[in-house]
Amino acid sequence: VIPGLTPEQKQYLPLFTDSLTSLGTEKRAMSEIDDEIRLYTGGIRVSPFLSTSHSSIDRTEEGVSFSSYCLDRNQDRMYDLLGSLVRETNFDNVDKLRTLIQGNASALSNSVADSGHVFARTNAGSHLTPAGQASELYGGMSQVQFMNALSQKEDLSEVSQRLKEIAALAIKRSSLRLALTCGDDQMSSNEKVVEQFISRLDATPSDAVSQSIFTPNYENSFFELPYGINFTSKCLRGVPYTHEDGAKLQILASLMSNLYLHREIREKNGAYGGGAGYAPTGGLFSFYSYRDPSPQKTLTTYQDSVRWVLDRPDFTDQELAEAKLSIFQRMDAPVSAAEEGMVVFTEGITDEMRQTRREQLLKVTSADVKEVALRYLLDQQSSHCILGDKQK
């Protein structure tokens with residue numbers, strides 16, 4: 001966990017995490033380290049970490065996530081490799097850094113054409129919660145523009161310095177939280193190796209930083225794309241995971257997508273796809289359309305969908321059951337042993353909280369769905385984003 005990152009540092013964080021597995025060290029090239037990673041581990045992954053509190057959508061935790069796995073006999077090797085990347089990455093390797101930046105900029109730009117609705121939804125949500133704001137800086141259109149700007153720089157010395165600053169903030173004992181999955185017979189040996197790994201980290205305490213109060217600003221955004229397709233999104237604030245209305249909003253999003261928005265956005269407006277979604281942990285209700293020839297018409301459809309919910313007869317038991325089943329299919333999908341405890345570790349959501357959520361979902365009625373549509377969606381403040389053709 002890294003407390004107190006500035007917005008500028010947050011934009012550098014994805015590049016920082018990629019650098020740890022791309023630049024190598026002063027003594028060893030990354031190709032040599034990669035050979036050992038493949039030989040002794042199942043891979044090492046580093047990425048930005050972002051979590052919203054289960055009790056407030058205005059509180060977040062941000063940092064860097066490291067993950068890896070290995071056979072029991074390779075424990076020492078795995079932690080040595082992790083330690084080498086954490087402590088010894090050569091951020092002054094400008095040639096490799098330039099290649100990494102240009103590759104990232106190209107990949108991000110290409111992903112906009114494939115997943116523009118995701119970028120639109122991320123940008124619309126960035127104005128509503130601190131997690132949404134961070135998501136935009138880590139992987140939204142702000143990150144696309146930022147990486148494209150870095151790819152044009154001739155002198156990367158400032159970039160190297162920024163990465164070193166983040167490393168000094170991120171790689172500390174005081175900010176480390178660790179989850180370990182292994183057999184009972186390997187607990188003792190793992191604990192010893194982990195203790196050795198931690199002992200080599202910077203012991204300087206992290207500065208205590210109080211989280212500032214976040215105020216939603218409900219902005220609308222447009223990003224021009226160099227091809228004649230459009231993506232749209234509309235986002236509204238919802239509730240935290242532990243709030244009982246969260247389950248109702250999840251069911252509402254499923255019903256709106258399957259019974260109204262798919263027909264109106266795809267079949268009538270001519271878009272490739274569209275619908276609504278509710279993020280249980282992030283607390284945002286969102287609408288989206290994909291490769292949309294009629295973006296303005298779709299924005300009207302989003303508003304019309306709320307009135308459709310309120311004016312139509314009650315949803316049938318079958319419609320509600322199908323919506324619930326689709327949610328449970330995702331919620332209770334099989335996971336690996338390593339993933340079983342991750343919801344508690346990353347989100348703080350306990351098994352008891354998850355069971356309460358299941359029971360809340362099962363209890364949702366047609367009246368509940370209409371109630372939350374009226375309370376959270378009808379005539380409420382929202383943010384919109386369109387990516388696409390300026391003429392449209």
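How far apart should the ends of helix α14 (residues 366–377) be, and how far apart are its end C-alpha atoms? That was the first thing I looked up in this predicted model.

**Entry: helix α14**

I counted 12 residues in α14, and at 1.5 Å a residue they should span 16 Å. The end C-alpha atoms of α14 are 16 Å apart, so the expected span and the model agree.

Next I asked which residues of α14 are buried. My list reads Ser366, Asp368, Val369, Lys370, Val372, Ala373, Tyr376 and Leu377. I then checked what these buried residues pack against, and found two strands and four helices named here: β4 (231–237) and β6 (284–290), along with α9, α10 (295–311), α11 (317–331) and α13 (351–363). After α14 comes aspartate 379, and I noted its positive phi, near 55 degrees.

**Entry: the whole chain**

I stepped back to the overall fold. The protein chain has 14 helices and seven strands. For 392 residues, a compact globule would have a radius of gyration near 21 Å; I got 23 Å for this chain, which agrees. Its C-alpha trace spans about 70 × 50 × 40 Å along the principal axes.

I looked up burial too: 49% of the 392 residues are buried. The accessible surface comes to about 19200 Å², and carbon and sulfur atoms hold 48% of that. For contacts, I took those between residues at least 6 apart in sequence; 80% of them join residues at least 24 apart.

**Entry: salt bridges**

How many salt bridges does a search of the whole structure find? I noted 20, and picked out a few to look at.

The pair I liked best is glutamate 62 with lysine 10, at 3.1 Å from N to O. Glutamate 62 sits in strand β2 (residues 60–68) and lysine 10 in helix α1 (residues 7–20), so this salt bridge ties together parts that are 52 residues apart in sequence. I checked burial for both partners: glutamate 62 is buried, and lysine 10 is as well.

Then I went to helix α9 (residues 245–268), where lysine 268 and glutamate 264 are four residues apart, which means about one helical turn between them. Their side chains meet in a salt bridge at 3.0 Å, N to O. Are these partners buried or exposed? Lysine 268 has 52% relative accessibility, so I put it down as exposed. Glutamate 264 has 11%, so I put it down as buried.

I also followed shared partners, and found that salt bridges join Glu8, Glu158, Arg162 and Glu165 into one network. Within it, glutamate 165 and arginine 162 meet at 3.3 Å, N to O. These two are three residues apart in helix α7 (residues 157–170), so about one helical turn separates them. Glutamate 165 has 28% relative accessibility, so it counts as partly exposed.

**Entry: cysteines**

Last, I searched for disulfides and found zero. Cysteine 70 is in no disulfide; its nearest cysteine sulfur belongs to cysteine 182, 10 Å away. The cut-off I used is 2.5 Å between the sulfur atoms, so that pair does not qualify. Cysteine 70 is partly exposed, with a relative accessible area of 24%.

I checked cysteine 235 as well. It is in no disulfide either, and the nearest cysteine sulfur, that of cysteine 385, is 9.0 Å away. At 1% relative accessibility, cysteine 235 goes into my notes as buried.

Technical notes: Residues numbered from 1 in each chain as written. Heavy atoms only, no water. Salt bridge = Lys/Arg side-chain N within 4 Å of Asp/Glu carboxyl O. Buried < 20%, exposed > 50% of the residue type's maximum accessible area, 1.4 Å probe, protein only. Rg over C-alpha atoms; globule rule 2.2 N^0.38 Å. Contact = heavy atoms within 4.5 Å. Areas by Shrake-Rupley, 256 points an atom, 1.4 Å probe, with all protein chains shown as cover. Expected span 1.5 Å × (residues − 1).
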